[in-house]
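Biologist: Before I rely on terms such as "buried" or "salt bridge", I should like to see how each is justified. Could we go through them one at a time?

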Amino acid sequence: MGRTSQAQAQPNYERESELKAFDATKTGVKGLVESGITRVPRIFIHPQNGLHNKPNSLNTELKFPLIDLNDVAEDPIRRKEAVDEIREASETWGFFQVINHGIPGPILGEMLEGVRRFFEEDDEEKKKWYTRDSNTRFVYNSNFDLYSSPAANWRDTVYCQVAPHPPTPQQLPTVCRDIVVEYTQQVLRLGKSLFEMLSEALGLKANHLEEMKCGDGLALLLHYYPVCPEPELTMGTTQHADSDFLTVLLNDQVNGLQVLYQNQWVDVPHISGSLVVNIGDLLQARQACIK
C-alpha cells in the first residue's frame with residue numbers, strides 16, 4: 001500500500017522536530033538525496049487532492065502566448081504588433097513567452113550552469129551561505145516558509161537582492177559571481193524594454209511605468225530540484241502567484257512548469273533561448289488603477 005498525506009496524523013510524528021533536524025543539516029533537499037534516501041520524508045508529503053490535478057484534453061488545444069521581440073526597438077510596425085500581442089497575452093493569460101529578447105544564448109546557458117555549480121558545490125563550502133536571515137544579501141536555504149507551510153516543497157533555493165543596490169563581490173559565491181552580475185545587467189535592460197511596451201499597451205507614454213519605479217528593484221530566485229524517489233507524494237513548487245511587478249523566468253529543458261488558465265493547468269512549452277514573463281500582482285493592481 002502506498003503512503004498518503006496522513007503522515008501528520010501518525011503517532012510519534014513530531015513535525016517541528018523533523019523540520020528542525022532537516023534545517024540543521026544545511027544541505028537541503030539535495031543533501032537528502034545524496035544521503036541515499038529511498039522514501040520521501042513526511043515533512044514533504046502533500047495532500048493528495050492537490051497533487052494529481054491532471055490537465056484535461058482541452059489543454060492540448062491551448063497555445064501558450066509566444067512573442068517575438070525581434071526589431072521592436074527599430075521597426076515601429078513590428079513594435080506595434082508586439083505591443084498588441086503583449087496586451088492580449090497580459091489581459092487573457094497574465095503570462096507570455098518571449099524570443100529574440102536581446103539576452104545572448106551563451107549568457108542564458110552560463111546562468112543555468114552557474115546555478116548548477118553553486119547547488120552542486122561541496123557541502124562544506126555551500127553551508128557557509130545557508131541562512132534564514134532575510135537581511136543577508138545571498139540567502140541559500142530550502143523552503144523559505146519551511147516552518148509555516150503545511151508541507152515542504154522538494155527544492156532548494158537561493159534568494160539574492162541585486163538591484164537597485166548591487167551586492168559586493170564578496171557577498172556572492174565565486175562559482176556564480178560573474179554570471180550573476182552579468183545576467184542582472186541583461187535582465188534589467190530587458191525589464192526596461194518590457195515596461196516600456198507594457199506602458200504603451202495601456203495607452204500610456206513609454207516611460208510611464210518606469211517613472212513609477214516599477215523596474216528599479218530586482219531579486220534573483222534560483223531554484224534547484226533534485227531527483228525525487230517518490231514524486232507522486234510531493235511537489236517542487238505548489239500553486240502560487242508572484243507578488244511583484246514582473247517575473248522573468250529562465251527555465252532549463254526539464255518540463256514541468258504550468259500556468260493556470262481558464263481554470264485549467266496548461267504546460268509551458270520549452271523553447272530554447274526563450275524567457276517566460278509573468279505579470280505580477282503589483283503590476284496587475286496598478287493596471288487596474290490606471291484603467
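Modeller: Let us begin with Asp-23, in a model that is predicted. Its relative accessibility is 11%.

Biologist: Why is Asp-23 called buried?

Modeller: Buried means under 20% relative accessible area. Asp-23 is at 11%, and therefore counts as buried.

Biologist: What makes Asp-23 and Arg-132 a salt bridge?

Modeller: The cut-off is a side-chain nitrogen within 4 Å of a carboxyl oxygen. The closest N and O atoms of Asp-23 and Arg-132 are 2.9 Å apart, so the pair qualifies. Asp-23 belongs to helix 1, whereas Arg-132 lies in the loop between helix 5 and strand 3, 109 residues apart.

Biologist: Why is Arg-132 called partly exposed?

Modeller: Partly exposed lies between the limits of 20% and 50%. Arg-132 has 31% relative accessibility, so partly exposed is the term for Arg-132.

Biologist: How do you know that Arg-79 and Glu-200 form a salt bridge?

Modeller: Their N to O distance is 2.9 Å, and the limit is 4 Å. Arg-79 is in helix 3 and Glu-200 in helix 6, so the bridge ties together parts 121 residues apart in sequence. Arg-79, at 17%, counts as buried, while Glu-200, at 25%, counts as partly exposed. Both also belong to a salt-bridge network with Lys-192, Glu-196 and Glu-210.

Biologist: What makes strand 3 and strand 5 edge strands?

Modeller: Each has a single partner strand, so one side of each is left without a neighbour in the sheet. The order in this open, antiparallel sheet is 3-4-5.

Note on methods. Residues are numbered from 1 along each chain as its sequence is written. This is a predicted model: local features need pLDDT of at least 70, side-chain atom pairs count only at pLDDT 80 or more; totals for chains, interfaces and linings use all residues. Side-chain values use heavy atoms; hydrogens and water are left out. Two strands pair if DSSP finds at least two bridges between them. Helices (H or I, at least four residues) and strands (E, at least two) are DSSP runs, numbered from the N terminus. Buried means under 20% relative accessible area, exposed over 50%, partly exposed in between (1.4 Å probe, protein chains only).
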